[in-house]
Amino acid sequence: QVQLVESGGGLVQAGGSLRLSCATSGRAFSSSTMGWFRQTRGKEREFVAAISASGGHRYYSDSVKGRFTISRDNAKNTLFLEMNSLKSEDTAIYYCNAVRYDNYEYAIGSWGQGTQVTVSS
């Protein structure tokens with residue numbers, strides 16, 4: 001069972017930046033397409049970004065394209081999300097998960113506890 005531990009969230013002013021990390025266990029990380037998702041209270045979890053196993057392909061939702069950058073370190077089994085020019089609407093709990101390689105908006109596996117990002121305007 002792969003475990004996912006998200007960290008790096010916090011309170012930041014609009015226009016600021018944060019870098020999220022997702023530490024994973026298990027040997028499957030380096031062969032898995034990985035993604036970031038976020039959820040606000042009362043809403044469904046939504047796709048944010050995904051990255052192929054090698055890191056050669058990246059995908060973003062329209063709402064974060066140009067502001068967020070997803071990356072990974074396969075040697076350290078860690079996924080990252082660099083978030084710049086943050087807006088109040090980015091406030092959410094952020095989660096990482098493995099995703100289907102043929103449908104990167106579809107998460108597979110169990111969810112971690114997430115990390116809270118709060119952007120004050």
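A residue is called buried here when its relative accessible area is under 20%, exposed when that value is over 50%, and partly exposed in between (1.4 Å probe, protein chains only). By this criterion Cys 96 is buried, with a relative accessible area of 0%. The model is a predicted one, in which local features need pLDDT of at least 70 and side-chain atom pairs count only at pLDDT 80 or more, while totals for chains, interfaces and linings use all residues. Residues are numbered from 1 along each chain as its sequence is written, and side-chain values use heavy atoms, with hydrogens and water left out.

A good place to start is the disulfide, a pair of cysteine sulfur atoms within 2.5 Å. The structure holds one such link, and it joins Cys 22 to Cys 96 with an S to S distance of 1.9 Å. The pair brings together distant parts of the chain, since Cys 22 belongs to strand β3 and Cys 96 to strand β9, 74 residues apart. The link of Cys 22 and Cys 96 is right-handed, with 55 degrees about the S-S bond. Like its partner, Cys 22 counts as buried, at 0% relative accessibility.

Strands here are DSSP runs of E with at least two residues, and helices are runs of H or I with at least four residues, numbered from the N terminus. Two strands pair if DSSP finds at least two bridges between them. Strand β3 takes part in an open sheet of four strands, ordered β1-β3-β8-β7, with antiparallel pairing. At the edges lie β1 (4–7) and β7 (68–73), each of which pairs on one side only. From one strand to the next the twist averages 15 degrees, where axes are lines fitted to C-alpha atoms (for helices over the stretch in contact) and angles run from 0 to 180 degrees between N-to-C directions. Within this sheet, β7 is joined to β8 (residues 78–83) by six antiparallel bridges, and Phe 68 has Met 83 of β8 as its bridge partner.

Also in β3 is Thr 24, which counts as buried at 12% relative accessibility. Its side chain reaches the backbone oxygen of Asn 77 at 3.0 Å. With contact taken as heavy atoms within 4.5 Å, and neighbours within four places in sequence set aside, Thr 24 touches Val 2, Gln 3, Leu 4, Phe 29, Met 34 and Asn 77.

On the other side of the disulfide, strand β9 is largely enclosed by the rest of the structure, because seven of its nine residues are buried. Strands β4 and β9 pair in the antiparallel sense over six bridges, and Trp 36 stands opposite Cys 96. Three antiparallel bridges join β9 to β11, where Gln 116 is the bridge partner of Ile 93. Another three, also antiparallel, join β9 to β10 (residues 103–108), with Ala 98 opposite Ile 108. The hairpin from β9 to β10 passes through two residues.

These strands also meet in the nonpolar core, a set of buried Ala, Val, Leu, Ile, Met, Phe, Trp, Tyr and Cys residues joined through side-chain atoms within 4.5 Å. The largest such core has 25 residues, and those with the most contacts inside it are Trp 36, Leu 79, Leu 81, Met 83 and Tyr 94. At least two residues each come from β3 (18–24), β4 (34–39), β5 (46–51), β7, β8, β9 (92–100) and β11 (115–120). Strand β9 gives the most, with four residues.

Key
A polar contact is a pair of N or O atoms within 3.5 Å; within protein, one must be able to donate a hydrogen and the other to accept it, and residues adjacent in sequence count only if both atoms are side-chain atoms.
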